[in-house]
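Trainee: I am new to this structure and would like a close look at a single part of it, together with whatever surrounds that part. Could you take me through it step by step, in one connected account?

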Amino acid sequence: MTDAPAIPSTKTTAAKLADLADRHSQAIVAPEANAIAKQEAKNKKSARQRLDLLLDEGSFVELDAFVKHRSVNFGLDKRRPAGDGVVTGYGTVGGRQVCVYSQDFTVFGGSLGEVHGEKIAKVMDLALRTGVPLIGISDGGGARIQEGVAALTQFAEIFRRNVAASGVIPQISLILGPSAGGAVYSPALTDFIIMADKTSNMFITGPDVIRSVTGEDVGFEELGGGQTHNTRSGVAHYLGTDEDDAIDYAKALLSYLPSNNLSDPPLWLEAEPELEVTDADLELDSLVPDSDNQPYDMRTVVEHVLDDGVLLEVQPLYAQNVVVGFGHVEGHPVGIVANQPLQMAGTLDINAAEKAARFVRTCDAFNIPVLTFVDVPGFLPGTEQEWNGIIRRGAKLIYAYAEATVPLITVITRKAYGGAYIVMGSKQLGADINLAWPTAQIAVMGAGGAVNILQRGALKAVADAGGDVEAERIRLVGEYEDALVNPYDAAERGYVDAVIEPSETRLQVVRGLRALRTKRASLPPKKHGNIPL
């Protein structure tokens, strides 16, 4: 039996290459020119322009550029653009591998259909399989109505992957247009949400639906704009002045984060310099005012500890009574949690507790040591706080510190009162090294309040005898301060490891972090804890 004669190809190799180039032009080049023109009219960039800004030049490798949707409903079969409204692939940021997707608002309004969702799920699987960060750029109007349940199920596929990747690889969401309905929940499941001022929106139900159901008249920006989610809701972590600024912030975040939970964060300094107290450090010795009621900027302390004084804040516009963010100490990334006396005297409230708790857990997930700076007079009192769950929601901060296994160093600069002292990275919650300045006041409450309670009878006796009640109160406050409102009682009991001069803070933190680089800690075996959500 002889082989059948070969059938010659109807196209030469050159013709097939030309066909590929033509398909590439039709799928990418021509639509991109149209997309740029449409987006520029809205002061926005195209999906591919955003990836060009994010990724190292020439590093992007696109996946599924030629896929098309399969729906025939409502005439969709007459319009089947290549890529189906989302650009996916991988590339590098600062030389480090990442996976990305970027929704294209000019194709079906960036809406998520079945194939659109499958593309995103596929690149998410690649990110998790290879252990690299995932960056998603959202610019779409939610589920594609014409595709019905086929589109909706893809949201579930994406959400499930967000949860599987949580704490394993960093996930960053850039909201650079609308994100509505079910589409908001994928970003909400990621580690960081970044928005651009005036062009980003996130909401479950839009203004028209709210108006028809509740009668409230609200605009897009007020309801779900960048300002709203960065200052009021706490949903977002950074508000870019524009898309360029938002993308720059995402790249800065990546420089502090490891590729995955099994790798170390990037090191930006190889040599360990000599340790010494500098003239700049001496400024801290006079930072804390003599009066307890006078504020000061805790950022000054933080900046003196960090390399070059650089702090990348997270949620800088939200719950400003606590400061959180990333920095470097000897080139190693660290997370910062600090009470801010300039705002609400540094008291802890619901928003501040949740902000700090989430940040501590993020650092713990990605092997980043946490430095805590304490000046907290207590929890914010009031019916609003109590009725809105300060007990349950404040407990999240306790949980975050108590379950953290990364190196934990706490510095008490001034007030550390009551339960708020305990929750701010205290020794008994698991902090490795606790330091205090001589100005630290570690006590159940401030001297004034304590005297009013403890010495009520003595003060009444002075008043009844016609004596100077205020002078006696001042004397009693002084006695109480000498006895209890200082760092030395805690130091005697080992709750504080050392009382240090403020100017030595960086030196002591550096030494502590060096010693803790070999820290090994683990939690009892369990499926997972039950954090008070």
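**Strand E5 and its surroundings**

Mentor: In strand E5, Gln171 is the bridge partner of Leu134. Please keep in mind that the model is predicted. This pair belongs to a longer association, for E4 and E5 run parallel and are paired over six bridges. Strand E4 covers residues 134-140, and strand E5 covers residues 171-180. As for its setting, E5 is mostly covered, with nine of its 10 residues buried.

What lies beside E4? Strand E3 is joined to E4 by four bridges, and these two strands also run parallel. One of the pairs places Tyr101 opposite its bridge partner in E4, Gly136. E3, in turn, is joined to strand E2 (residues 86-93) by eight bridges, but here the strands run antiparallel. Val98 of E3 is the bridge partner of Gly91. E2 and E3 make a hairpin with two residues between them, and Gly94, in the turn, has a positive phi of about 60°. Because six of the eight residues of E3 are buried, this strand is largely enclosed by the rest of the structure.

From the strands one may turn to the side chains packed around them. Leu174 is among the residues with the most contacts inside the largest nonpolar core, and the others named with it are Ile194, Leu253, Phe326 and Val337. That core has 64 residues. Leaving aside neighbours within four places in sequence, Leu174 is in contact with Ile135, Gly136, Ile137 and Ser138, and also with Ile194, Ala246, Ile247 and Ala250. Gly136 therefore appears twice in this account: it is a contact of Leu174 and, as a member of E4, the bridge partner of Tyr101. Apart from this core lies another, of 27 residues, with Leu287, Val305, Ala338 and Phe373 among them.

Phe373 leads to a further strand, E12 (residues 370-376), in which seven of seven residues are buried. As a general matter, the side chains of a regular strand alternate between the two faces of the sheet. In E12 both faces are covered: Val370, Thr372, Val374 and Val376 are buried on one side, and Leu371, Phe373 and Asp375 are buried on the other. Strand E11 (residues 332-339) pairs with E12 in the parallel sense over four bridges, and one of the pairs joins Ile336 to its partner in E12, Leu371.

The packing nevertheless leaves some space. Rolling a probe the size of a water molecule over the atoms shows where such empty space remains. Five cavities of 30 Å³ or more are counted. The largest of them holds about 130 Å³ of space. Its lining consists of 15 residues, and those that lie nearest its centre are Gln103, Leu112, Ser138, Phe155 and Ala183. The strands described above return here: E3, E4 and E5 each give two or more residues to this lining, as do helix H4 (149-165) and helix H5 (185-188). Ser138, one of the residues nearest the centre of the cavity, is also a contact of Leu174. By class, the lining has eight nonpolar, seven polar and no charged residues.

The second largest cavity has a volume of about 60 Å³. Among its lining residues are Asp191, Phe192, His237, Lys355, Arg358 and Thr362. Helix H11 (residues 350-365) gives the most to this lining, with four residues. Three charged residues are present in it, together with four nonpolar and three polar ones.

Arg358 also takes part in the lining of the largest pocket, where Ser166, Arg358, Arg361, Ile531 and Leu533 lie nearest the centre. About 1,400 Å³ of space lies in this pocket, and 37 residues line it. H5, named above for the largest cavity, supplies at least two residues to the pocket lining, as do H11 and helix H13 (390-403). H11 gives the most, with nine residues. In this lining there are 14 nonpolar, 12 polar and 11 charged residues.

Conventions
Residues are numbered from 1 along each chain as its sequence is written. This is a predicted model: local features need pLDDT of at least 70, side-chain atom pairs count only at pLDDT 80 or more; totals for chains, interfaces and linings use all residues. Side-chain values use heavy atoms; hydrogens and water are left out. On a 1 Å grid over the protein atoms alone, a cavity is a set of points where a 1.4 Å probe fits but cannot get out, and a pocket is an open set with protein on both sides within 12 Å along at least five of seven lines; lining residues have an atom within 4 Å of a point. Grid points are joined across faces, edges and corners, and a volume is the space filled by probe spheres set on the points. Ala, Val, Leu, Ile, Met, Phe, Trp, Tyr, Cys and Pro count as nonpolar, Asp, Glu, Lys and Arg as charged, and the others, Gly among them, as polar. A nonpolar core is a set of buried Ala, Val, Leu, Ile, Met, Phe, Trp, Tyr and Cys residues joined through side-chain atoms within 4.5 Å. Buried means under 20% relative accessible area, exposed over 50%, partly exposed in between (1.4 Å probe, protein chains only). Contact means heavy atoms within 4.5 Å. Two strands pair if DSSP finds at least two bridges between them.
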